[in-house]
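Trainee: I would like a close look at one part of this model, a single helix and what surrounds it. Please start there and then work outward through the chain and its neighbours.

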Amino acid sequence: MPVEIDIAHVARLARLDLTAEELEGYKAQLGAILDHAAKVQSLEGEPAVEASHPLRFENAFRPDETRPSLDRDEVLAQAPETVDGFFVAPPALGTE
Amino acid sequence: MTSWEPVIGIEVHVELSTRSKMFCGCAVSFGDEPNTNVCPVCLGLPGALPVPNRQAMDWIMAIGLALNCAITERSVFHRKNYFYADLPKNYQISQFDVPVCHDGYLDVVVEGQTRRVGIERAHMEEDTGKSTHVGIGGRIHAAESTLLDFNRSGVPLVEIVSKPDIRSAAESRAYAQELRSLVAELGVSDARLEEGSIRFDANVSIRPQGAVGYGTKVEIKNMNSFRSLERAVAHEIERQAGVLENGGDVILETRHWDEEAGLTHSMRNKEESSDYRYFTEPDLVPMHMDEDWVEEVRSGLPELPAARRARYVEFGLDVGHAGVLSDAPPTIRQLFDVAVGAGAAPKPAANWLTGEVIGWLRRTESDPVTVSLTGSQLAELVAMVDDGTVSSTAAKEVLDGVLGGEGDPRAVATARDLIQISDTSALEAVVDEALAENPEAVANYEGGETKVVGFLVGQVMRATQGKADPKLVNELLTKRLRG
Amino acid sequence: MSEDRALHDLTIVEAGARLRAGDTTAVELLEAVLDRAHRTEAQLHAFLTLDRDGAMEAAEAADDALAAGEDRGPLHGIPMALKDNLCTRGVETTAASQILAGYIPPYDATVVTRLRAAGSVIVGKTNLDEFAMGSSTENSAYGPSFNPWDISRVPGGSSGGSAAAVAVGSAFGALGSDTGGSIRQPASLTGIVGLKPTYGTVSRYGLIAFASSLDQIGPLSKSVTDAASILETIWGHDPLDATSYSGEYPELSADLEKGVEGLRIGVVGEFAGEGYEPAVESAIARMLDRLSEAGAAIVEVSLPTVDIALSAYYLVAPAEASANLARFDGIRYGLRVDGATAEELMAKTRAQGFGPEVTRRVLLGTYALSAGYYDAFYGQAQRVRAALRDEFGAAYEQVDVLVSPTSPTVAFRAGDKVDDPLSMYLTDICTNPLNLVGHPGISVPVGLDDQGLPIGFQVMAPALGERVMFRVAAEVERLATFNSRPVLEEVAG
């Protein structure tokens, strides 16, 4: 059970711009949930984890064939900002 | 002054030239209008799901086998989680600890020496969209924006990581070129640096000569040609040496190569230390690359460069020439094989191909596949030079004619009146005439000036409009002069 | 007789019979549900979008097809509702989140394509807990839904809107999604049938993902046979979903009339005791007696690992969700809150666009996956799943099906649990294990408590065991003789 949740770091990793007050609130709630979730530690033994899929498949592939793409207008109609067929966003931090 | 040993690893990203993307049916195509090859999957729309391209898996296995790697029998995909505007799902489907291929090697020729570079791993992942940074007028606050095109998003990408076995800038370049040539050879990628279908990053560190541990490594990005790769690595080695010699420490960071300035710049850290939170991709199921599948891929592999070079050397070509021919377009190489199969001597056949033929293709800007020369024609030409039917100078003209579609070498030589006169008795007459017409030269020869033979050969050549076999003329003259 | 019931109260089977007998039309069926919606929506808020025009077009087409002799099957001409986390081309799909306000998908989910191909008439999109995270539909960014049995109470969640619509008659059937119980629990709380099929049997292509290894789409309906018809229409291999089962599918309705003679029914001992309302426990006990009288052997079964199943669920689900929801960043679609940099834009958009429960789970999931914690949390939770699967496997060597209450309680009052996330999570205690192991489960209404609130009985089966699951569920339905419909005073909206 971890000692202290660095909630600000987690919020940064998850790209959530929360206020200090909100962060405190979530930190407390997360603590309570994790206490409950930590019960998973009580599992005895080390069962082999093959996969999460109950029917245990493997090798689900598709052939190398093209399918029609979406109509660009329909796609761009949902975009907050576009120009000349591109999506527009502000620059990433650290872009020269 | 310390002697530094560079320790270099190279990371290569290869875009596969499949018809469709890695996880969806959108076309893989370079240069199309932005955002025209997109769908819910590669755009990261809500509800979309990935389904892997079987051909891409065959091709990464081919790459792995060509690099002498072991193929992992049971492999899975992972989610590599990070936020970036050109990464639609804000996670990339990649592979973490069970890459498809691992522990191989690539032999590289550097300055005449063969060096073996270990391959750590090769794994499958999806490419991101393309970001272009522009200044857009009219925006009040931001002088800059990013334009996003997701045509490239989801293209199958193979990441090949070498072991840190490379020891110089030249070797870095050789490794990169060899790898590029290999994937192009396999037919799995266009591997064009200028188009971005192959990309290189270098990890460079240095350590005192003879030391065992590793120095701090620096990642170098943005090298867009083989030359800039070599320059960048060389510069970085020097830079690090300078830092250490001045008592400083090399910082673990990513640096950006500036081709114009000829140096690397530190990139501001995007994230403190990347926590990618890898976990097995729950939208996909495990892959089982069993023996049958591996064998199927292995049996479909073409002859690889190293094996081919060795074969050429066995034919008698020197290592350098073998390399040049090996790197020539497939059509050219096929011509060599057919010509040699038809009885041509390998060295002259190779010479014609790597010299005149490739030169002609460049001059006429022709596609090798359209070349109007067959292997048997080449063999014919080689034989004609060998038996003196044409002089080597005339043979160039003959070849020109054949490439121009004028017909077989013998037909072209006849039509252009290039057949050498090799009839001894006919030539003897002309030789005698030349000697008779040039008594001073004869006298000079008898006086010890053997150089006049050349002049007399020239006279005979003129008399025969250049069609005499100069070797034979020389022989006959010399015989006559000596008495 | 069905003649004396209102059109909207009929089952799909009954409506279908009238359609084919020429006693009604698809347009009439549609008008009946639209009218019913009009009179109940003010109180229930089951729908986020009613697509009157699109539905009418489909209903008219269905009638034309039938007239031309083309019969597409049991769902032909039947008005259906879809949970608003299923993508419908051209129709707003929000997942009940602000971050997708106004979002119009350019494609249909596979299940939607299949419903349309079967001639069904899609009435509209129903309310849910935001991104399917919740058990009461109180986490919707567009306001909660309410229970037709008592409008001061929740209809359950996260498929609360679909459940309320079916229960009240503003749709003949609906699709929901179930990640920890989100179809079965609301079905139980609203007195209807709801099921989660075997993982992989219904394509997830077009379902806005919550937890990829747990999510499944399933039907909500008034009867077991209706549920079977819907499931048969939507399930089957889909090449667009790599987790889609490509083997043989069971004939799920083959044994509906067979009864339970000779079957072994396992009662999970852990699903009882503290936290379980007495009325719920006695309803389950009564049904077990009837099943025993009907010829089934009742066996006590213990699955000790279910005690930590919910803990594992609250690690796996948020972890996968944190990655699935990363795509909502204001760049390509949905809400955008401006920022000077892309990072800022994304962080502001997400903070504003996600509600508290979603934020909580994204934080939890991100944390559970982060460096240093992966093995203790996500990794360990995956081991719990493996252990659980082994335990269920061992149980199914002794019994044919397992049973339990669907929910420990009946519908609770709106507002009762919103401030106590843990207490809300506990309502999924009987349902979430099936999501962890990928097995199918169905909830069948078996009675009302003394407050007049419905109680659900859950039948569970092994993977691809839908045939025996339906067999037992059909018998439970027959034995329960639960014919009640909620009495709701209609208020013209």
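Mentor: Start with α2 of chain C, where Ala26(C), Leu29(C), Leu30(C), Ala32(C), Val33(C), Leu34(C), Arg36(C), Ala37(C), Thr40(C), Glu41(C) and Leu44(C) are buried. Keep in mind throughout that the model is predicted. The helix covers residues 26-44, and at His38(C) it bends by about 40 degrees. Its buried residues pack against three helices of chain C, namely α1 (12-21), α3 (52-67) and α5 (160-168). They also pack against the strands β1 (47-50), β2 (79-83) and β3 (121-126) of that chain. After α2(C) comes His45(C), with a positive phi near 50 degrees.

The strands that α2(C) packs against lead into a sheet. Eleven strands of chain C make up this open, mixed sheet, in the order β1-β3-β2-β4-β6-β5-β10-β11-β9-β7-β8. β1(C) and β8(C), the latter spanning 297-301, are at the edges and have a single partner strand each, so one side of each has no neighbour in the sheet. On average, neighbouring strands are turned by 30 degrees against each other, direction ignored.

Further along the order, β10(C), residues 441-448, pairs with β11(C), residues 454-460, through seven bridges in the antiparallel sense. Within this pair, Ile442(C) has Val459(C) of β11(C) as its bridge partner. Helix α15(C), residues 466-480, lies across both of these strands and also across β7 (264-268) and β9 (401-405) of chain C. The helix runs at about 5 degrees to β10(C).

Next, the contacts with other chains. Towards chain A, 58 residues of chain C are in contact with 44 residues of chain A. On the chain C side, α9 (309-324), α10 (342-353), α11 (356-369), α12 (375-395) and α13 (421-425) each supply at least two residues. The largest share comes from α12(C), with ten residues. By type, the chain C residues that touch chain A are 32 nonpolar, 15 polar and eleven charged.

Towards chain B, 34 residues of chain C are in contact with 27 residues of chain B. Here the elements of chain C that give two or more residues are α9 and α10. The largest share is three residues, from α9(C). This side of chain C divides into 23 nonpolar, five polar and six charged residues.

Chain B itself is divided into domain 1 (4-297), domain 2 (303-415) and domain 3 (424-482). Taken over C-alpha atoms, the centres of domain 1 and domain 3 of chain B are separated by 67 Å.

Two strand pairings in chain B share β7(B), residues 113-126. The strand β6(B), residues 101-110, runs antiparallel to β7(B) and is joined to it by nine bridges. In this pairing Tyr105(B) stands opposite Gly118(B) of β7(B). The hairpin of β6(B) and β7(B) has two residues between the strands, and Glu111(B) takes a positive phi near 45 degrees there. The other partner is β10(B), residues 156-162, which pairs with β7(B) in the antiparallel sense over seven bridges. Here Ala122(B) has Ile160(B) in β10(B) as its bridge partner.

Methods
Residues are numbered from 1 along each chain as its sequence is written. Chains are lettered from A and ligands numbered from 1 in the order in which they are written. This is a predicted model: local features need pLDDT of at least 70, side-chain atom pairs count only at pLDDT 80 or more; totals for chains, interfaces and linings use all residues. The bend at a residue is the angle between axes fitted to the seven residues ending there and the seven starting there. Helices (H or I, at least four residues) and strands (E, at least two) are DSSP runs, numbered from the N terminus. A residue is buried if 20 or more other C-beta atoms lie within 10 Å of its own, exposed if 12 or fewer, and partly exposed in between; C-beta atoms are placed from the backbone. Two residues are in contact if their C-beta atoms, placed from the backbone, lie within 7 Å. Ala, Val, Leu, Ile, Met, Phe, Trp, Tyr, Cys and Pro count as nonpolar, Asp, Glu, Lys and Arg as charged, and the others, Gly among them, as polar. Two strands pair if DSSP finds at least two bridges between them. Axes are lines fitted to C-alpha atoms, for helices over the stretch in contact, and angles run from 0 to 180 degrees between N-to-C directions. Domain bounds come from an automatic or database domain assignment.
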